[in-house]
Amino acid sequence: QVQLVQSGGGLVQAGDSLRLSCAFTTSGRAFTAFYMGWFRQSPGKERESVATISPRSVASWYADSVKGRFIISRDNTESTVYLQMNGLKPEDTAVYYCSARATDTAKWDYWGQGTQVTVSS
């Protein structure tokens, strides 16, 4: 029903910026029926939530570790969500996933394929 295709990521140096994109396609509910989020997972660690944005961009939430450095946004006309990552640190190194959660559920049901972000010191 919902497909999420990510782009962006790569190898950067500490202090650099990167932007991740996630394109949403569906045969059912529209993009605006979903909260969108970015998660990340480092080797040996559990997947953690990085940022979330509400369907009409009214509200957003950030993990403390990225607050003030990362910005989540969405373009509802293009059905795309973005994660602008500034001031990257080596500890931001992880596989990043975008995800979609319908407004009437608490479960993140749909996931992108993941993209590696590596920050060298």
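## A walk through the contacts of a predicted model

Glutamine 41 touches Glu46, Arg47, Ala94, Val95 and Tyr97, leaving out residues up to four places away in sequence. Please keep in mind as you read that this is a predicted model.

Let us stay with that glutamine for a moment. Glutamine 41 belongs to strand β4, and a polar atom of its side chain lies 3.1 Å from the backbone oxygen of lysine 45. Is glutamine 41 buried, exposed or partly exposed? Its relative accessibility is 28%, so glutamine 41 counts as partly exposed. If you would like a distance to check in your viewer, try threonine 25: 16 residues separate it from glutamine 41 along the chain, and the two C-alpha atoms are 24 Å apart.

A second glutamine makes a good companion to this one. Glutamine 6 is placed in strand β1, and because its relative accessibility is 7%, glutamine 6 counts as buried. Which residues does glutamine 6 contact, once its neighbours within four places in sequence are set aside? They are Ser21, Cys22, Trp38, Tyr96, Tyr97, Cys98, Gly112, Gln113, Gly114 and Thr115. With one of these there is also a polar contact: the side chain of glutamine 6 reaches the backbone nitrogen of cysteine 98 at 3.1 Å.

Cysteine 98 brings us to the disulfide. Searching the whole structure turns up one such bond. Its partners are cysteine 22 and cysteine 98, whose sulfur atoms are 2.0 Å apart. The link joins distant parts of the chain, since cysteine 22 sits in strand β3 and cysteine 98 in strand β9, 76 residues apart. Why is the disulfide called right-handed? The torsion about the S-S bond of cysteine 22 and cysteine 98 is about 50 degrees, and so the disulfide is right-handed. Cysteine 22 is buried, at a relative accessible area of 0%, and cysteine 98 also counts as buried because its relative accessibility is 0%.

Next comes the nonpolar core. The largest one holds 30 residues, and the members that touch the most others are Met36, Trp38, Leu83, Met85 and Tyr96. At least two residues of this core come from each of β1 (2-7), β3 (18-26), β4 (34-41), β5 (48-53), β7 (70-75), β8 (80-85), β9 (94-102) and β11 (115-120). Strand β9 supplies the largest share, five residues. As background, nonpolar side chains tend to be buried together in soluble globular proteins. Two of the core's best-connected members, Trp38 and Tyr96, have already appeared in the contact list of glutamine 6.

Aromatic rings deserve a look of their own. How many aromatic pairs does a search of the whole structure find? There are six aromatic pairs. One of them joins phenylalanine 24 and phenylalanine 34 in a tilted arrangement, 5.3 Å centre to centre with 55 degrees between the planes. This pair also links distant parts of the chain, with phenylalanine 24 in strand β3 and phenylalanine 34 in strand β4, 10 residues apart. Phenylalanine 24 is buried, with a relative accessible area of 5%, and phenylalanine 34 counts as buried at 2% relative accessibility. Both rings belong to one aromatic cluster, formed by Phe24, Phe31, Phe34 and Tyr110.

Phe31 leads on to the charges placed over rings, collected in this small table.

| Charged residue | Ring | Distance to ring centre |
|---|---|---|
| Arginine 74 | Phenylalanine 31 | 4.2 Å |
| Arginine 101 | Tryptophan 108 | 5.3 Å |

In the table's top row, then, the charged end of arginine 74 sits over the ring of a member of the aromatic cluster, phenylalanine 31. In the other row, the charged end of arginine 101 sits over the ring of tryptophan 108.

Finally, here are two backbone angles to inspect. Most residues other than glycine have a negative phi. Serine 57 is not a glycine, yet its phi is positive, about 65 degrees. Serine 57 is found in the loop between β5 and β6 (60-62), and it counts as partly exposed because its relative accessibility is 37%. Serine 79, likewise not a glycine, has a positive phi of about 50 degrees. Its place is the loop between β7 and β8. Is serine 79 buried or exposed? With a relative accessible area of 19%, serine 79 is buried; the cut-off for that term is under 20%.

Definitions and conventions:
Residues are numbered from 1 along each chain as its sequence is written. This is a predicted model: local features need pLDDT of at least 70, side-chain atom pairs count only at pLDDT 80 or more; totals for chains, interfaces and linings use all residues. Side-chain values use heavy atoms; hydrogens and water are left out. A nonpolar core is a set of buried Ala, Val, Leu, Ile, Met, Phe, Trp, Tyr and Cys residues joined through side-chain atoms within 4.5 Å. Buried means under 20% relative accessible area, exposed over 50%, partly exposed in between (1.4 Å probe, protein chains only). Helices (H or I, at least four residues) and strands (E, at least two) are DSSP runs, numbered from the N terminus. A disulfide is a pair of cysteine sulfur atoms within 2.5 Å. Rings of Phe, Tyr and Trp (its six-membered ring) pair if their centres lie within 6.5 Å; planes under 30 degrees apart count as stacked, over 60 as edge-to-face and the rest as tilted. A charge sits over a ring if NZ of Lys or CZ of Arg is within 6 Å of the ring centre and within 35 degrees of the ring normal. A polar contact is a pair of N or O atoms within 3.5 Å; within protein, one must be able to donate a hydrogen and the other to accept it, and residues adjacent in sequence count only if both atoms are side-chain atoms. Contact means heavy atoms within 4.5 Å.
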